[in-house]
Amino acid sequence: MGLLSSVNVTYFRIVFLFGLAYLSVANVDAILSNNLLMVLTQAMDLPALQISPYSAQLGLISLLFALSAIHDLIPLLENNKKHFQSVVPFRLMIFFIMSSLSILLTNNLYLHNNVMFVYGFCEIWMNFLIFVALRDERNNDFAKENNFYRPIESDDEDPFPSTEREIQEMED
């Protein structure tokens, strides 16, 4: 199991979502003034979103982030790979559409802003890593079940003899 296994990346996504849930209530300016967010805002020529730290919608947004994290945490603790194999491709499609619309719909400022694009970009990145890791793990499980792996036979003999005595023994 590698560093980027589906379990590790899913835990990273859960921590990311819980972090967003906490920061959206505690200090939304920490999210909105993040350097990565500002760089992608300027690179994609998107309008910067400004939210008051006392906005009532932040509680709802925080709740949605926390519920999304819990939605991944429960199946992960149950080791339910079928859930992730069906949900992750759908999530990828939804976030691709959302990110595309956040770039293309320039007259709709509800979607055309930096927060929508960067959140969609981060979700695409994490879900793509989860998707690739799940596919790799599924292929490895299939290979093990169908005996595609051949055990390496240990051979004590050196295939390239180095002394004259070893050469004589090989010729005999």
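**Terms for all views.** Buried means under 20% relative accessible area, exposed means over 50%, and partly exposed lies in between (1.4 Å probe, protein chains only). This is a predicted model, in which local features need pLDDT of at least 70 and side-chain atom pairs count only at pLDDT 80 or more, while totals for chains, interfaces and linings use all residues. Residues are numbered from 1 along each chain as its sequence is written, and side-chain values use heavy atoms, with hydrogens and water left out.

**View 1. The whole chain is built from helices.** The protein chain has 7 helices and 0 strands. Helices (H or I, at least four residues) and strands (E, at least two) are DSSP runs, numbered from the N terminus. Along the sequence the pattern reads α-α-α-α-α-α-α. Of the 172 residues in the protein chain, 30% are buried. Contact means heavy atoms within 4.5 Å. Among contacts between residues at least 6 apart in sequence, 69% join residues at least 24 apart.

**View 2. Spans listed as transmembrane.** An unreviewed UniProt entry lists residues 54-77, 89-110 and 116-134 under "transmembrane region". UniProt positions are given in the numbering used here, feature names are shortened, and annotations may be inferred rather than shown by experiment. Residues 89-110 are 73% helix and 0% strand. The end C-alpha atoms of residues 89-110 lie 25 Å apart. Residues 116-134 are 100% helix and 0% strand. For residues 116-134, the end C-alpha atoms are 26 Å apart.

**View 3. Helix 1 against helix 4.** Helix 1 covers residues 6-26. Helix 1 and helix 4 pack at an angle of about 160°, and their axes are 8 Å apart. That makes the two helices, helix 1 and helix 4, roughly antiparallel. Axes are lines fitted to C-alpha atoms, for helices over the stretch in contact, and angles run from 0 to 180 degrees between N-to-C directions. Angles under 35 degrees count as roughly parallel, over 145 as roughly antiparallel, 65 to 115 as roughly perpendicular and the rest as oblique. The crossing of helix 1 and helix 4 is left-handed. A crossing is left-handed if the near helix is turned anticlockwise from the far one by less than a right angle, and right-handed if clockwise. Helix 1 residues in this contact include Thr 10, Arg 13, Ile 14 and Leu 17. Helix 4 residues in it include Phe 65, Ala 69, Asp 72 and Leu 76. The contact of helix 1 with helix 4 divides into 16 nonpolar, 4 polar and 2 charged residues. Ala, Val, Leu, Ile, Met, Phe, Trp, Tyr, Cys and Pro count as nonpolar, Asp, Glu, Lys and Arg as charged, and the others, Gly among them, as polar.

**View 4. Asp 72, a buried residue of helix 4.** Asp 72 lies in helix 4. Its relative accessibility is 0%, so Asp 72 counts as buried. Leaving aside neighbours within four places in sequence, Asp 72 is in contact with Thr 10, Arg 13, Ile 14, Phe 84 and Arg 91.

**View 5. Helix 1 against helix 6.** Helix 1 and helix 6 pack at an angle of about 160°, with axes 8 Å apart. Helix 1 and helix 6 are therefore roughly antiparallel. Their crossing, helix 1 with helix 6, is left-handed. Among the helix 1 residues that take part are Phe 12, Arg 13, Phe 16 and Leu 20. Among those of helix 6 are Glu 123, Met 126, Ile 130 and Glu 137. The contact of helix 1 with helix 6 has 13 nonpolar, 3 polar and 3 charged residues.

**View 6. Helix 3 crosses helix 6.** Helix 3 covers residues 35-43, and helix 6 covers residues 114-145. They pack at an angle of about 110°, and their axes are 10 Å apart. Helix 3 and helix 6 are therefore roughly perpendicular. The crossing of helix 3 and helix 6 is right-handed. Leu 37, Met 38, Leu 40 and Thr 41 in helix 3 meet Asn 114, Val 115, Val 118 and Phe 121 in helix 6. By class, this contact has 6 nonpolar, 2 polar and no charged residues.

**View 7. Ser 99 in helix 5.** Ser 99 lies in helix 5. At 6% relative accessibility, Ser 99 counts as buried. Not counting residues up to four places away in sequence, Ser 99 touches Phe 117, Gly 120, Phe 121 and Ile 124.

**View 8. Two loop residues with positive phi.** Asp 45 is in the loop between helix 3 and helix 4 (57-77). Phi of Asp 45 is near 55°, a positive value in a residue other than glycine. Asp 45 counts as exposed, because its relative accessibility is 66%. Asn 79 is in the loop between helix 4 and helix 5 (81-104). Phi of Asn 79 is near 55°, again positive in a residue other than glycine. Asn 79 counts as exposed at 55% relative accessibility.
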